[in-house]
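Open the model in your viewer and keep the sequence panel at hand. The stops below go from one selection to the next.

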Amino acid sequence: MKHLHITLAVISIILFTYRFILMMLASKNLDKKWLKIAPHIIDTLLLVIGISLAVKLHINPVEQLWLGEKIIAIFAYIFTGYYTLKLARNKALKILGYLGAMGWVMLIVRLAMTREAMFLG
Ligand code: HEM
């Protein structure tokens, strides 16, 4: 289940980066139907499998604060991603949004690897 979890996380980040690049190039490919549907399916699966992993391994995010911090960081990643693709009005803001989202990804990966909260606790 852990390998599936990591695979889904990698696909999620690749799909977001691909959509960001297509948007910067003003490519018509961005309107492809699969690109509108696939990211939602992948991200939902990532969330469901992540929660299942936590339940299976008895990791409570309120006790093990690295997981609590990771969940907060995931919401921030989802929102900055949404901001980048939908809300940001010009190229500079879109680039800033993308860099912001990648910053959250770096925190998420670090928390997953070290299992030590950086800011909580
Ligand atoms: C962008 C999103 C995510 C990324 C990049 C990510 C990344 C990772 C990675 C790399 C690992 C393996 C760490 C290791 O080597 O042991 C991992 C494990 C794990 N992740 Fe995630 N994850 C994400 C989302 C989530 C979500 C949404 C949850 C739950 C709400 C979650 C819960 C867990 C749990 C419980 C483990 C197992 C930790 C252990 O083996 O002790 N992850 N994650």
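Which residues do ring pairs link into a cluster? Select F16, F20, Y77 and Y98: ring pairs join these residues into a cluster. The model is a predicted one.

**The aromatic pairs**

The count of aromatic pairs comes to 3. Start with F16 and Y98, a stacked pair with 5.4 Å from centre to centre and 25° between the planes. This pair links distant parts of the chain, since F16 sits in helix α1 and Y98 in helix α4, 82 residues apart. F16 and Y98 are both buried.

Now keep Y98 selected and add F20. The ring centres of F20 and Y98 are 4.2 Å apart and the planes are at 10°, so this pair is stacked, as planes under 30 degrees apart count as such. Here too the pair links distant parts of the chain: F20 belongs to helix α1 and Y98 to helix α4, 78 residues apart. Is F20 buried or exposed? F20 counts as buried because its relative accessibility is 10%, and the cut-off for buried is under 20%. Y98 is buried as well, with a relative accessible area of 15%.

**The iron site**

Next, select the ligand and zoom in on its iron atom. Which residues coordinate the iron atom? H5 does so through NE2 and K70 through NZ, at 1.8 to 2.0 Å. H5 lies in helix α1 and K70 in helix α3 (residues 65–87), so the pair ties together parts that are 65 residues apart in sequence. Both H5 and K70 are buried.

Show the donor atoms around the iron. There are 6 of them, and the angles they subtend run from 86 to 179°, which makes the arrangement octahedral. For comparison, ideal angles for six octahedral donors are 90 or 180 degrees.

**A nonpolar patch**

Turn on the surface and select I6, V10 and I14. Together I6, V10 and I14 make a nonpolar surface patch of about 270 Å². I6 is in helix α1, which spans residues 2–24. I6 is partly exposed, its relative accessible area being 45%.

**Two backbone stops**

Finish with the backbone. Select A26, in the loop between α1 and α2 (33–56). A26 is not a glycine, yet its phi is positive, at about 55°. A26 is exposed, with a relative accessible area of 68%.

Then go to R115, in the segment after α4 (91–114). R115, also not a glycine, has a positive phi of about 50°.

Conventions:
Residues numbered from 1 in each chain as written. Predicted model: local features only at pLDDT ≥ 70, side-chain atom pairs only at ≥ 80, totals over all residues. Heavy atoms only, no water. Patch = residues over 30% accessible without salt bridge, like charges linked within 9 Å, V, L, I, M, F, W, Y side chains within 5 Å. Areas by Shrake-Rupley, 256 points an atom, 1.4 Å probe, with all protein chains shown as cover. Salt bridge = Lys/Arg side-chain N within 4 Å of Asp/Glu carboxyl O. Helix = DSSP H or I, 4+ residues; strand = E, 2+ residues; numbered from the N terminus. Buried < 20%, exposed > 50% of the residue type's maximum accessible area, 1.4 Å probe, protein only. Donors = N, O, S within 2.8 Å, 3.2 Å for Na, K, Ca; no water. Tetrahedral: all angles 85-135°; square planar, octahedral: opposite > 155°, others 65-115°. Phe/Tyr/Trp six-rings, centres within 6.5 Å; stacked < 30°, edge-to-face > 60°.
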